Amino acid sequence: MSALLPRSSSLLHQMRPAESAPTRPSWQTALPFVLVAIAGLGSVFLPPYESDKAVELVIVAVGFFVALGLLAVAISRDERSWVDPAPAFLFFLIYAAARDAGGGADSGIAPIIVLPILWLALTGTRRDLIVSAVLTACVLGLPLLLIGAPAYPDSEWRRAVLWTAVAALIAPVIQRLVAELARHRSLAEEASSENEAILRGARQTKIISYDLDGIIRSYSAGAQELLGYAPETLIGKQGPEFLHDPDEVARVAAELGVEPGFAVFRTLAETRAPGRVWTYRTATGETLFMQLVVTELVDAAGERTGYLGVAIDVTAAERAERELAEAEGRWRTLLEHLPDTVVMMLDEDLVIRAVGGQSATKHGLQQQAIGRHLAEFSRPENMAVLRQLTADALEGHEGHAELVATSDGSEQEVLVSPLPDGTVEGAILLVARDVSRERARAREAEEARERAEGLFADAPHGVAVVRPDGTVVRANQSMGHLLGREAATLVGQPMDEYAGPGAESIAPHLHEAVRRSPALITADWSLRTTEGETIHVAISGRRLAGVADGDEDLVVVNVVDVSERLRYEQRLAHLADHDPLTGLANRRKFDEELQRHHEFCDRYGATGAILLLDLDQFKEVNDSLGHGAGDQLIISTAALLRTSVRGTDVVARLGGDEFAVLLTEGDRETAATVGAKLVDRIGSHTATLDSTRRNVTVSIGGVTFADAADSDADILSLADMMMYDAKEDGRNRCLVFDRSRYAQPRMGARMEWRSRIERALENDDFALHLQPIQDLHHGGIRSAEVLIRLADSDELVPPGRFLYIAERAGLAPALDAWVIRHSLPLLQRLRAIVPDFALEVNLSGHSIGEPLIERTITDELTRLGVDPSSLILEITETAAVADVEMARAFAERMSALGCKFALDDFGAGFGSFYYLKHLLFDYVKIDGEFVANCHRSAVDRLILHSIVGIAHDLGKQTVAEFVADPDILEVVGAEGVDLAQGFHIGKPVPYDEFVSVLDRSATTSTGATE
């Protein structure tokens, strides 16, 4: 079955260790050895023999039976023990006694010394073979030294050397060959079992294999369920002729330029064509649509043995797509044949972009009208109305009007409606319907009928007929119910009497309806009920048609309660600007308020300040008490902040345990006073809490807008650095920026480092070094970690001196994007040397979920054609936990792309096993704290053993960091660690030096294999 697997299927077996346990002895294996031993030793008991050798003969007889007993015990046991090699070792003594009893060198039994040697080569270990070589030398050499001629002439040394060489040199070769044969047999059996399990288990997928001529030779259970054919019905048949639609096969054959038949599928496999939808016939005659991919099958030697077809049932999706196409065609036909209707799509300049409807030809609006201005087909008085309606539509309002057609004088009801943003080729939809006959009938009706109660009775919303001054002439029951009054009590009352607080008069709306008659005029308004409740309504007004000249103008007003919709919209607006956990302003809202205050300062002068707050020891709360306890602490802190500042100040949660306060007024002293007050209040609050929460304090950095303007620096960056200074000074304090502090070395150095990082990003002044990672199963270097350096003059600055500045200054995503852009070309070159090479790239916690990072990874992988699975994104445990859900979502998106993930510094934080459960990753990089002394500390070794066991149980690979000497490497290998990294394996070096290390590793690995 291994021949049925695609080319990459043997990778799992290639990754297994080459060594295997010695073969267990069996009677089937032992019988030939026993028979030959009996024949050889038995000859000693036959004449001629010397009479004084009775003791030796007894030793031979007794020893032989003891050896047989030990052999029986060894065969009966399931596991290897000291008994296994004992019969062979004893046989050397038996052989020496028998040879002496038979006359020494002339006994003729010398060749049977090969029996214990061969037995140990087949069933023993390398150590057993070493012992056999020593015993061979003793058995053949000692008689020469102790007894000598004539029984053992001097020439016997040649025989001793020869057989000792056989035991020492030839037997190990035989042992390796036997072990290799056993291993290959085991792998073949495993591969066969796996392939059969795949075929049995793929019940939702059709899997069929063909020989080189297209004859079906295997057929999965899933194929049987989908197609309904029993295996014996299909196996041995031509697949295309039996399962596929012949016409469809012929069409694809013409497309590919091949003969119809299996040549079509052979060509698809050989060209590695993507999957396509095919029509299948089931045993019941039903038609199925299936997405089919055909691949080549190759054997271990790389020879093509057949083809494999894997198909997924897409019948439902295919039928839905075809029904959608048919429906689209029907709607297009319907549009073209709408009676007495013209449908036009206009752009913002009123240029016709599309025309439809049965009346289009009648009004001279054939397809030739496309691209021409609407004014070419409409009289000026109509265009005056249409321009107003289209202007309203461009503002998002739908409008109606009744116009007289320019071409034939017919009356047209015109609907002008805005189209959704992004609609192809148009911004306005204009529908004109010929209502001449309808209007003729309407003019014959009596005016009383137009104002009948039926106009109002069934309306589900409020409807009122009013005069232009707003006086109610008629109102329906829904209108009265809306206001909490009887409809009759509304008559004669002005509508403005029921207006809500702050609502404008309705009179301008009514006058506009009269002026723009017969267009529909809409607006938002509010009403007040008898209980004092304010109701938000949408009103639409239109002058009543059919009013004779000189009669009073009347406007019909529709009133719809939209209070619930408005509350929902307001709630959405609130959620967009506020943190859902605390109700404080979120970063988006804070940025808006900050920008608004900047504009205020630009106009009236700089005033106010920014305070950035970060809770100290908050991570310990999450790790020890859980995220629920952390959320409660965040909520209580937010409430404390809200009550500690003025109502005009802005309090926001920027994310995690970081808050910001915008003081709209005040100077440096005010900022310091408010900051100190917040430090005291938060400290007093947390001191009353239990467990680790009592250890939480706050560090605050403050900057006034005046100082930020004088320093020509971003105020948030300055406040962030001041907060960082507060943490370095011992936490639980507030530091406010001033010019004298800016001049001090620490603050000035940070500002200088930020500028140096920005210049380095602009000028590509960074360098990448690669540190090798050794595969402990194969012994070679198949991966490396990328480490960044800042090239400054003649010095390469390590990342520890500038990375934290980049993170605090918001430059981490740009820095990570630079590393990715420059690492992937190195990975492309390294994979040309080692095809399965992988590269680890570190990501800052600030880059997780950043669109720039995801876009850079996707674009560079696509541009370079690098296999995404060879890119390992390394996230430190402490960086990932800043937002577990964000980290998980980011990992899911990148994993879908094909990238791998490594969780770095595992064990460094309190919540290691929480992250082990909730974060997606492929590798666990064990923190060096548990590796550096594992060869000396039993505790470190036990922790290392536990981490490796848990990671392997979860199907993850492990990497040991800080492997600094051979003793550590030996321990981590013994504990089952998969990969090792550290100065003993190799130091970080530039690319060219790393390639040399890689070449030496490949040479060493090849030599060890040979």
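## The E6–E7 hairpin

In the hairpin formed by E6 and E7, five residues lie between the strands, and leucine 350 takes a positive phi near 65°. This is a feature of a predicted model. E6 and E7 are joined by four bridges and pair in the antiparallel sense. Within this pairing, methionine 344 stands opposite valine 355 in E7.

E6 itself is mostly covered, with six of its six residues buried. In a regular strand the side chains alternate between the two faces of the sheet. Thr341, Val343 and Met345 point one way from E6, while Val342, Met344 and Leu346 point the other way. The residues on both sides are all buried.

## The antiparallel sheet

E6 and E7 belong to an open sheet of five strands, ordered E7-E6-E10-E9-E8, in which the pairing is antiparallel. Strand E7 (352-356) and strand E8 (399-404) stand at the edges; each has a single partner strand, so one side of each is left without a neighbour in the sheet. From one strand to the next, the twist averages 20°.

On the other side of E6 from E7 in the sheet order is E10. Strand E6 (residues 341-346) and strand E10 (residues 428-434) run antiparallel and are joined by six bridges. Leucine 346 has isoleucine 428 as its bridge partner in E10, and valine 343 stands opposite valine 431 in the E10 strand. Helix H14 (residues 380-394) packs on this sheet and touches E6, E8, strand E9 (411-418) and E10. The direction of H14 makes about 165° with that of E8.

## The mixed sheet

A second region described here is an open sheet of five strands with the order E17-E18-E16-E19-E20 and mixed pairing. Its edge strands are strand E17 (650-655) and strand E20 (733-736), each of which pairs on one side only. The twist averages 20° from one strand to the next.

Strands of a sheet pair through backbone hydrogen bonds, either parallel or antiparallel. The pair made by strand E16 (residues 609-616) and strand E18 (residues 658-663) is antiparallel and has six bridges. Here leucine 611 stands opposite valine 661 in E18.

## Helices across the mixed sheet

Two helices lie across strands of the mixed sheet. Helix H23 (residues 627-642) lies across E16, E17 and E18, and runs at about 10° to E18. Helix H24 (residues 668-687) lies across E16, E18, strand E19 (697-704) and E20, and runs at about 20° to E16.

Which residues does threonine 637 contact, leaving aside its neighbours within four places in sequence? The contacts are Leu615, Phe659 and Ile682. Threonine 637 is found in helix H23. Leu615 falls within the residue range of E16, Phe659 within that of E18, and Ile682 within that of H24. Threonine 637 has a relative accessible area of 1% and counts as buried because the cut-off is under 20%.

## Packing of H4, H5 and H6

Two packed helices are described by the angle between their axes and the distance between the axes. For helix H4 (residues 86-101) and helix H6 (residues 126-146), the axes come within 10 Å and cross at roughly 15°. H4 and H6 are therefore roughly parallel to each other. Their crossing is right-handed. On the H4 side, Phe89, Phe92, Tyr95, Ala96 and Arg99 take part in the contact; they meet Asp128, Val131, Ser132, Leu135, Thr136, Val139 and Leu140 in H6.

H6 also packs with helix H5 (residues 114-123), where the axes come within 9 Å and cross at roughly 170°. That angle makes H5 roughly antiparallel to H6. Ile117, Leu120 and Ala121 in H5 meet Asp128, Leu129, Ser132 and Thr136 in H6. Asp128, Ser132 and Thr136 of H6 therefore meet residues of H4 as well as of H5.

## The protein as a whole

The protein has 37 helices and 29 strands. It contains 1010 residues, of which 44% count as buried. Among contacts in the protein with a separation of 6 or more, 60% are accounted for by residues 24 or more positions apart. The accessible surface of the protein comes to about 50500 Å², and 55% of this belongs to carbon and sulfur atoms.

Terms used
Residues numbered from 1 in each chain as written. Predicted model: local features only at pLDDT ≥ 70, side-chain atom pairs only at ≥ 80, totals over all residues. Heavy atoms only, no water. Pairing = 2+ DSSP bridges. Axes fitted to C-alpha atoms, helices over the stretch in contact; angles between N-to-C directions. Contact = heavy atoms within 4.5 Å. Buried < 20%, exposed > 50% of the residue type's maximum accessible area, 1.4 Å probe, protein only. Areas by Shrake-Rupley, 256 points an atom, 1.4 Å probe, with all protein chains shown as cover. Parallel < 35°, antiparallel > 145°, perpendicular 65-115°, else oblique. Left-handed = near helix turned anticlockwise from the far one by under 90°.
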